[in-house]
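Student: I am new to this structure and should be grateful for a close look at a single part of it.

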Amino acid sequence: MKKLLLILLLVSCPTLRGQTSIAEDGDAPVPRLGLLFGLQSNQHSPEFSALPQIPNCCPQFSDGSGTGLALGALFHYPIDETFAIQLLAGYNQLGAELSQMEVIGNAVQNETVVNADVEHILDTGFDLLTIEPRLSVRPFDLPLGINVGLQAGLILSSSFDQREELVAPRSARFAEGGVVRNEVNGEISDAASLLLAGLAGLSYDLPLSDDIHASPMLDYVFGFSDLVDNLSWSANNLRMAVAISYSFNAAPAPLIEPEPEPEPEPEPEPEPIPEPPVLAAAIDVRGVYDDGSRSPVLNVRIEEVEISETFPLLFHVYFPKGSSDLGSARQNLLNGTETSSFDESKLTPNTLEIYRDVLNILGSRMRANPTAKVTLTGTNDNLGSENNNLDLARTRAEKVKAYLVSAWGVSADNITIRARNLPEVPTNNETADGQAENRRVEVTSPSYALMQPVTLKEISRNLTPASVEIMPRITAAGGLDSWRIDVRDKNNREVAQYSGSDYPNAIELELSELPLGESDNRLSLRLNASDKAGQNTAAATELPVSVLTLNAKRSETKNDIRYDKFSLVLFDFDESRLREIHRTILDLVKSAYTDQSTVTIEGYSDKLGDPAYNKQLAERRCREVQNYLSSSIPQAKMAIKAVGSDRLLYDNTNPEGRNYSRTVQIIIATPVVN
């Protein structure tokens with residue numbers, strides 16, 4: 001307290017002298033005294049794991065936030081029209097909640113020790129008595145002040161409330177029981193007695209009367225010292241407040257001089273003929289690139305690349321609740337005549353579209369391999385009408401068998417039927433999504449010829465940039481009436497048009513949707529604008545389009561890149577272990593790799609569960625793949641990208657979309673040199 005009184009005395013002395021000089025100089029600006037009311041948003045930056053003498057299992061707190069009140073008294077002393085000295089003394093609440101997530105391995109779920117997510121929470125409160133000497137500068141001819149200064153704070157009280165809460169799984173408990181432990185509260189020992197901080201902010205004076213002002217203020221206070229001795233723990237805050245102040249010795253209102261008698265108006269001169277209002281237009285184009293960046297573009301480049309992609313097959317057929325109707329299982333069902341023209345090499349290179357034909361792919365392969373055998377296992381969600389309903393599970397499998405026999409001519413002796421309640425590896429049956437995945441027929445076979453993925457090849461056209469922004473600029477002093485933008489190709493055929501009557505914003509043009517052809521092209525963009533004075537203007541620009549085909553690249557002995565894309569046979573729910581079918585596909589990856597290739601391994605998951613955990617699961621899947629490939633591919637040539645559920649590969653509103661998202665995709669880029 002003695003330190004704070006000394007600071008108050010030192011800062012107050014020049015202020016008192018200033019009051020005296022004001023009294024002696026009637027022309028000087030007058031001081032103001034007021035009260036301040038506000039709120040502040042506190043941001044804490046801790047780097048510790050526990051308070052002094054308080055046990056805590058947290059590895060380390062790293063951030064925290066909170067809100068608090070800010071109350072005080074303000075003295076404002078103007079030096080001149082530009083500079084002023086301010087002194088603010090008040091009460092501030094600097095508390096915040098610190099929180100840190102951690103995965104522990106000693107939780108108990110159904111009498112089994114499991115990993116669990118816990119949250120360490122430290123709710124703190126700090127009440128401060130503060131004093132702030134500040135300098136206020138008005139650089140503009142506005143009542144706007146830029147304020148800088150220091151803050152000294154005396155901690156009046158400090159408290160904490162500590163606990164550790166088990167977040168997930170929800171049914172788990174700590175080994176000692178319950179979902180909350182380490183609950184402690186009380187005063188924080190070793191709290192600093194005096195805090196120092198710097199501040200910067202803005203204020204705006206709004207006169208409410210001759211004597212009273214309202215001043216909205218926005219200050220950012222950045223702490224120099226730690227809240228607790230021997231702990232790295234600083235705090236900043238953003239303060240929003242309003243000060244209501246009273247002016248001393250306000251100057252009396254000036255006497256109003258009587259207005260002089262108006263002089264007689266001169267004879268009006270003839271009005272000059274007005275100039276026509278300005279109407280001008282310009283049009284620019286900039287590219288929009290894959291990373292979201294934008295920059296001026298001089299031309300569009302279309303390049304053909306060869307892509308070979310391996311699509312995993314999900315041999316699950318899903319049924320609605322209580323149903324065994326194969327027609328409602330989202331499968332393309334063919335009759336005996338249609339199956340003769342089915343060709344899996346002609347399938348659309350789209351994962352979910354390929355899934356719609358998974359039974360036709362199976363039937364086609366069994367027709368080509370007449371001795372191959374499969375097992376069809378029907379399952380249910382074991383809840384409600386499906387509780388222990390093995391007859392329903394068996395009927396589902398029988399419906400799939402009947403389709404393979406009748407439509408594809410598969411021998412019934414090559415198909416074994418089984419039934420069970422939940423699948424052998426079920427999805428979480430406590431959620432509606434998990435129950436939908438557990439109502440299915442699983443197809444299994446020891447024959448790789450039946451279960452292998454589908455491999456399709458295609459030539460893709462990459463556009464650089466993928467789209468462009470048309471930037472029209474119109475100046476219409478007489479008011480804009482209408483505008484139109486025409487986009488035409490080199491043969492003067494219209495490929496896009498935009499129009500309106502309000503001033504246009506940037507227009508994004510998707511190039512992939514335009515008929516740009518197989519050879520070099522040119523896009524002509526013309527902007528026409530009309531104003532309400534009947535005037536018209538126009539502006540135009542051109543955008544060359546170059547097409548680089550595979551044949552052109554290779555005939556001109558230019559380097560090309562071939563892309564081989566592999567998606568692993570899908571992982572089970574919450575699983576990262578490689579199975580034999582995964583290793584078979586990874587052996588194909590090894591054979592596609594050359595010393596000039598680069599390999600990208602991308603891991604994904606479905607939407608179920610915590611996003612942070614899903615990213616960890618995706619990384620484990622990537623690491624398993626990388627470890628297997630490292631026997632033939634240097635790790636330096638392999639880049640890992642764990643995406644998890646941050647970007648869902650497929651529609652996760654249905655079971656097949658979620659299953660297909662539990663995968664790892666491997667992309668091999670190999671230069672093709674002639």
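Student: Which residues are linked with Asp433 in a network of salt bridges?

Tutor: In this predicted model, the network of salt bridges links Asp433, Glu437, Asp606, Lys607, Arg658 and Arg662. As general background, side chains of opposite charge can pair when their charged atoms come close. One pair within the network may be examined in detail. Asp433 forms a salt bridge with Arg658, and their closest N and O atoms are 3.5 Å apart. Asp433 belongs to helix H6 (residues 432-438) and Arg658 to helix H11 (residues 655-660), so this pair ties together parts that are 225 residues apart in sequence. The two partners may also be described by their accessibility. Asp433 has 22% relative accessibility and therefore counts as partly exposed, since buried means under 20%. Arg658, at 1% relative accessibility, counts as buried.

The network may be set beside other salt bridges, for a search of the whole structure finds 33 of them. Among them is the pair of Glu442 and Arg440, whose closest N and O atoms are 2.6 Å apart; both of these residues are buried. Another salt bridge joins the side chains of Asp489 and Arg493, at 2.9 Å from N to O. Here Asp489 counts as buried, because its relative accessibility is 4%. To return to the part in question, the salt bridge between Asp433 and Arg658 thus connects helix H6 with helix H11, and both residues belong to the network that also includes Glu437, Asp606, Lys607 and Arg662.

Definitions and conventions
Residues are numbered from 1 along each chain as its sequence is written. This is a predicted model: local features need pLDDT of at least 70, side-chain atom pairs count only at pLDDT 80 or more; totals for chains, interfaces and linings use all residues. Side-chain values use heavy atoms; hydrogens and water are left out. A salt bridge is a side-chain nitrogen of Lys or Arg within 4 Å of a carboxyl oxygen of Asp or Glu. Helices (H or I, at least four residues) and strands (E, at least two) are DSSP runs, numbered from the N terminus. Buried means under 20% relative accessible area, exposed over 50%, partly exposed in between (1.4 Å probe, protein chains only).
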